[in-house]
Amino acid sequence: SATYRARYGSAVDAIRSALAAVQADALIDLTSAEWATQGLMDVASVDPAAAFLLSTLKSHDRYTFYHSVNVSLLSTALAREGKIEEPMIDRIALGALLHDIGKAKVQESILSSPGGLDPDGERVVHAHPAEGARAILRAGGPDHYLAAAIAFEHHMGVEGSGYPVIPGGPAPHPASRLVAVADAYDALTTRRPYRRAETPARAQVLLRRSSGSHFDPVMVDLLHQVLGVHPVGSVLRLDDGSLAVVHASSPDRSGPVHCLLVRGPDGVEVAEPDRVEIDQRRIVDQLPGETVDIQPSAYLDLLD
């Protein structure tokens with residue numbers, strides 16, 4: 001709906017302002033960021049399917065903005081699935097929105113480099129968690145410790161396999177481990193200059209491979225519980241060549257998948273997408289939407 005899109009847009013504006021503040025060595029407006037995350041959480045609470053469709057919004061030119069909002073939406077969903085208390089979810093959602101603000105100090109040419117980084121570039125990228133944590137604490141002080149911890153720790157890995165490296169330091173906070181999984185999932189399902197977008201199912205497989213070594217197995221399991229094999233927003237190819245977008249989750253993982261049929265077997269777009277229940281045996285493939293020029297979030301209004 002227009003209301004949901006407006007709330008997503010407000011969150012994009014909040015993270016854009018936060019990044020600009022960090023770049024200018026000014027204080028982040030944490031109040032705006034908190035209002036933005038509250039709006040996202042309201043959507044996730046009232047209409048989870050709409051929240052998942054919103055989280056399929058991607059922008060190659062404004063990747064960091066959209067990615068940050070998507071990670072906040074996904075982190076909220078994981079926290080609720082994990083039965084975390086609402087006040088803590090508020091803080092996790094804020095930390096997730098701000099987890100990458102330290103990238104304001106990283107040149108775009110480094111962030112979008114198609115090849116491996118040289119030692120200097122790697123050093124700059126590896127500094128962004130500390131830059132982000134510092135910016136949050138400058139603006140909010142001890143009351144925003146958890147958001148700062150998430151920014152600082154989201155690339156650390158449960159066994160210290162990531163960065164920054166803190167020899168003998170404590171393990172990342174559970175909230176940081178949760179956001180790390182949401183962060184990696186959204187990154188994997190988004191096309192970047194240096195790699196293709198993965199399907200939701202493939203992204204989950206890749207996260208499972210690093211479960212226990214880099215990602216917290218509990219958080220990876222939460223992600224699968226929330227998303228399932230065919231998450232809301234997945235683009236499916238059926239056995240007759242039709243394309244469908246998943247619009248609702250099903251409590252029965254082996255039962256039919258609730259979809260909107262958006263293209264017929266002839267490849268022609270359906271004028272008025274039909275709600276259909278697809279037998280899982282008819283699903284031939286799961287596709288990144290951009291490879292077939294489908295934006296799942298475009299069908300948000302049809303959920304009403």
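**Exercise 1: β3 and its neighbours**

How many bridges join β3 to strand β4 (residues 269-278), and do the two run parallel or antiparallel?

*Solution.*
- Step 1. Count the bridges: 6 of them join β3 to β4, and the strands run antiparallel. A quick note before going on: this is a predicted model, where local features need pLDDT of at least 70 and side-chain atom pairs count only at pLDDT 80 or more, while totals for chains, interfaces and linings use all residues. Residues are numbered from 1 along each chain as its sequence is written, and side-chain values use heavy atoms, with hydrogens and water left out.
- Step 2. Pin down the terms. Strands (E, at least two residues) and helices (H or I, at least four) are DSSP runs numbered from the N terminus, and two strands pair if DSSP finds at least two bridges between them.
- Step 3. Find a register mark: L260 sits opposite R275 in β4.
- Step 4. Look at the turn. β3 and β4 make a hairpin with 5 residues between them, and G267 in that turn has a positive phi of about 85 degrees.
- Step 5. Try the other neighbour. Strand β2 (residues 243-248) is joined to β3 by 5 bridges, again antiparallel, and A248 stands opposite H258 in β3.
- Step 6. Check the cover on strand β3 (residues 257-263): 6 of its 7 residues are buried (under 20% relative accessible area; exposed is over 50%, partly exposed in between, with a 1.4 Å probe and protein chains only).

**Exercise 2: The whole sheet**

What order do the strands of the open sheet have, and which strands stand at the edges?

*Solution.*
- Step 1. Walk across: the open sheet has 5 strands in the order β4-β3-β2-β1-β5, with antiparallel pairing.
- Step 2. Read off the ends. β4 and β5 (283-287) are the edge strands; each has a single partner, so one side of each is left without a neighbour in the sheet.
- Step 3. Add the twist: on average, neighbouring strands of this sheet are turned by 35 degrees against each other, direction ignored.
- Step 4. Fill in β1 (residues 235-238), which pairs with β2 in the antiparallel sense over 3 bridges. L236 has A244 in β2 as its bridge partner.

**Exercise 3: Two helix pairs**

At what angle do α5 and α9 pack, and at what angle do α1 and α2 cross?

*Solution.*
- Step 1. Start with helix α5 (residues 86-97) and helix α9 (residues 145-153): the angle is about 45 degrees, with the axes 8 Å apart. That makes α5 oblique to α9. Axes are lines fitted to C-alpha atoms, for helices over the stretch in contact, with angles from 0 to 180 degrees between N-to-C directions; under 35 is roughly parallel, over 145 roughly antiparallel, 65 to 115 roughly perpendicular, and the rest oblique.
- Step 2. Get the hand: α5 passes α9 in a right-handed crossing (the near helix is turned clockwise from the far one by less than a right angle; anticlockwise would be left-handed).
- Step 3. List the contact (heavy atoms within 4.5 Å): M88, R91, I92, L94, G95 and A96 in α5 meet L146, A147 and I150 in α9.
- Step 4. Sort those residues: 7 are nonpolar, 1 is polar and 1 is charged. Here Ala, Val, Leu, Ile, Met, Phe, Trp, Tyr, Cys and Pro count as nonpolar, Asp, Glu, Lys and Arg as charged, and the others, Gly among them, as polar.
- Step 5. Now α1 and α2: their axes come within 9 Å and cross at roughly 150 degrees. The two are therefore roughly antiparallel, and α1 passes α2 in a left-handed crossing.
- Step 6. Sort this contact too: 9 nonpolar, 3 polar and 2 charged residues.

**Exercise 4: Loop residues**

Is H144 buried or exposed, and which residues does H144 touch?

*Solution.*
- Step 1. Place H144: the loop between α8 (128-140) and α9 holds it.
- Step 2. Check the accessibility: at 14% relative accessible area, H144 is buried.
- Step 3. List the neighbours. Leaving out residues up to four places away in sequence, H144 touches L30, E34, L94, I136 and L137.
- Step 4. Try another loop. P164 lies between α9 and α10 (174-188), and a cis peptide bond joins Y163 to P164, with omega about -5 degrees.
- Step 5. Finish with backbone phi. D25, in the loop between α1 (2-23) and α2 (30-46), has a positive phi near 60 degrees and counts as exposed at 52%. K83, in the loop between α4 (63-81) and α5, also has a phi near 60 degrees and counts as exposed at 69%.
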